[in-house]
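Thanks for making time this morning. Let me put the structure on the screen, and then I will go through a few of its helix pairs and the surroundings of the two nucleic acid strands.

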Amino acid sequence: MALTLGREDRLPAARPSRFTAGDRAVAYPRRDLFGRHIVDTYFLTLAYDVTHRALAGHGLKEVARHFGLARPDRTYIPGAEIARIAREDPARLERYVRDDARETRALSDLLSPVYFAQAQWLPFGYQDVCLRGNAAKIDALMQRAYLAERRALPRPGSARPFAGGYTDIFLTGLARPVRHADIRSLYPSLMLRERIGPAADDGGVFLSLLDALRTRRLRAKDEMRRAADPAARLFWDAQQSTAKVLINSFYGYLGFEMARWNDFDAAERVTAAGRALLRALVEKIRALGAAPVEIDTDGIYYIPPADGDDAAFESAVRAGLPEGIEIEFDGRYEAMFSYKMKNYALLDEKGEIVLRGAALKSRGLEPFQREFLRDWLELRLRGRDEERRALRETYRRRIAKRTEPIAWLARTETLQDAPATYAARRTAGGRGRNAAYELAQAADREYRAGDRVSYYVAGDRKNVAVYAAARLVSDWNPERRDENVAYYLSKLDELADRLEAVETPPAAPSGQGELSLG
DNA sequence: GCTAGCTGATGCCCG
DNA sequence: AACGGGCATCAGCTAGCG
């Protein structure tokens, strides 16, 4: 039967395409259908995760649970059993499929309004608005303004490296209590305040657009607060959050090679102004008796002054800021374990734990390492030192007993390129061997860019070439376990040693905790 | 033939 | 087709050892 879903009963056209969101690139067959817009909630999920980073995974089931869209009585069927259930219990399979459809619908209702709002005023259709990046959108707005005034368009300048945000760590170990402050919309504020825009934009469109979007966002937030009707509130929320996403991309646009009005000097002036502002902020809070713990681009964690008068401290900090720059004191924590730059754990006042940083919560870590980190950091933050020191032995036994599911030890990696691209780069000599790609090449099925590969390391020696000893989790035989216990024990020990090595020497000068100077 | 120690590429993360 | 900065891991190499 022909899939005549287009207007005038037309058929879908397909062509190979790529979707990118952040560092992730996915190869997929793009469909275009006359008079229709096709939006994949999977891509909306990936784009959402770039900014929010709270999803455990990107599959429908886990995303639905994350957003609270899964009904308690939802039917679940593991992928491997679908064929069997289809034969033996088709009614159950139907319930499963209906639940999938229901959750997809609910996910769409949640994630798509922002894009629908964009389609109403950007020169792209709904489908394209969901697929294209923010630089392409800003470029389109710029071009529209230039063409309307019949002005010539510039050619993009060539790329060069430039310095980014200020990142530093002042204290490692356990700090308590801890506060967080953050400069509101740092880069957009600096661009507007210091009039930093592209040199090639003699029309001054860039900053006018930025200013207009900011005004538009503030209005939408007001409307949202005033709206009594939930549908209206959702509408205005989509309007304000789509403006926010674009506003935050203006700085990145300046430093983007393909952007028509790019300007690397201007991008560098923005980051330099940001660095200067944050350095001044560090000095200020020090002078007021607080101890900075770590800083990253536009926010700072610090131990507040011992007198306990947060309000006085905060208004003193505010008083020292330049015109047009606002600070938000947006976090209070019982304790913070400061590990390395961009890597820390927080215990908030409700008793919840938050982990940040590639070394502490990366999806690239094996589940046993993620679990160990979580347990270890929780005990560290809560001061349960005896249990913390015993933790390593518990995990060592679990590995040595060989009774955990293999997925607990396995690493899952995303293939950035197609295996053929990897092979070409290998023969060209530009790339070392990699376990995930080697397995993808040898596998029966065809792998594409964006696919995930789960593997574990087999053998019995601690030092092995991972690319040679790796086995696909799907080829694992529970009757003949061959995971490399020595290898995994050594990984666990190295991790535990790294964490325990973070010194907790005598009290800091202010006497507020066990800290070491970074 | 082995290992420690380094470098560069890669993956994933922070803001 | 937004940016730069940072950490961990691995492959691939070299120097040093027995």
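The crossing of H9 and H10 is left-handed, a term that applies when the near helix is turned anticlockwise from the far one by less than a right angle, with clockwise giving right-handed. Helices here, and strands too, are DSSP runs numbered from the N terminus, where a helix is H or I with at least four residues and a strand is E with at least two. H9 covers residues 205-226 and H10 covers residues 230-247, and they pack at an angle of about 155° with their axes 8 Å apart. The axes are lines fitted to C-alpha atoms, for helices over the stretch in contact, and the angles run from 0 to 180 degrees between N-to-C directions. H9 and H10 are therefore roughly antiparallel to each other, given that angles over 145 degrees count as roughly antiparallel, under 35 as roughly parallel, 65 to 115 as roughly perpendicular and the rest as oblique. On the H9 side the contact, meaning heavy atoms within 4.5 Å, includes Leu210, Leu213, Arg214 and Met224, while on the H10 side Trp236, Asp237, Ala243 and Ile247 are among the participants. By class this contact has 8 nonpolar, 2 polar and 8 charged residues, where Ala, Val, Leu, Ile, Met, Phe, Trp, Tyr, Cys and Pro count as nonpolar, Asp, Glu, Lys and Arg as charged, and the others, Gly among them, as polar.

Before I go on, a word on provenance: this is a predicted model, in which local features need pLDDT of at least 70 and side-chain atom pairs count only at pLDDT 80 or more, whereas totals for chains, interfaces and linings use all residues. Residues are numbered from 1 along each chain as its sequence is written, chains are lettered from A and ligands numbered from 1 in the order in which they are written, and side-chain values use heavy atoms, with hydrogens and water left out.

Two further helix pairs deserve a look. H12 (residues 264-287) and H13 (residues 310-319) pack at an angle of about 140°, with axes 10 Å apart, and their crossing is right-handed. Here Leu281, Lys284 and Ile285 of H12 meet Phe313, Ala316 and Val317 of H13, a contact with 5 nonpolar, no polar and 1 charged residues.

The crossing of H15 and H20 is also right-handed, with H15 spanning residues 367-381, an angle of about 30° and axes 11 Å apart. H15 and H20 are therefore roughly parallel to each other. In H15, Phe368, Gln369, Phe372, Leu373 and Trp376 meet a set of H20 residues that includes Tyr488, Lys491 and Leu495, and the contact divides into 9 nonpolar, 1 polar and 2 charged residues.

H20 brings us to the DNA, since helix H20 (485-500) is one of the elements that each supply at least two residues of the surface near DNA strand C, as do helix H7 (134-148) and strand E8 (327-340). In total 32 residues surround DNA strand C, the closest being Arg132, Gly133, Tyr339, Tyr467 and Tyr487; a residue is near a strand if one of its heavy atoms lies within 4 Å of it. Sugar and phosphate account for 90% of the atoms of DNA strand C that come within 4 Å of the protein. Among the polar contacts, which are pairs of N or O atoms within 3.5 Å, a phosphate oxygen of DNA strand C is 3.3 Å from an N or O atom in the side chain of Lys491, and a polar side-chain atom of Arg498 lies 3.2 Å from a phosphate oxygen of that strand.

And which residues are closest to DNA strand B? They are Arg53, Asp298, Tyr344, Arg363 and Arg425, out of 19 that surround DNA strand B. That surface divides into 3 nonpolar, 5 polar and 11 charged residues, whereas the surface near DNA strand C has 16 nonpolar, 8 polar and 8 charged. A backbone N or O atom of Arg363 lies 2.9 Å from a phosphate oxygen of DNA strand B, and Lys342 has a side-chain N or O atom 3.0 Å from a base oxygen of DNA strand B.

How values were computed
A polar contact is a pair of N or O atoms within 3.5 Å; within protein, one must be able to donate a hydrogen and the other to accept it, and residues adjacent in sequence count only if both atoms are side-chain atoms.
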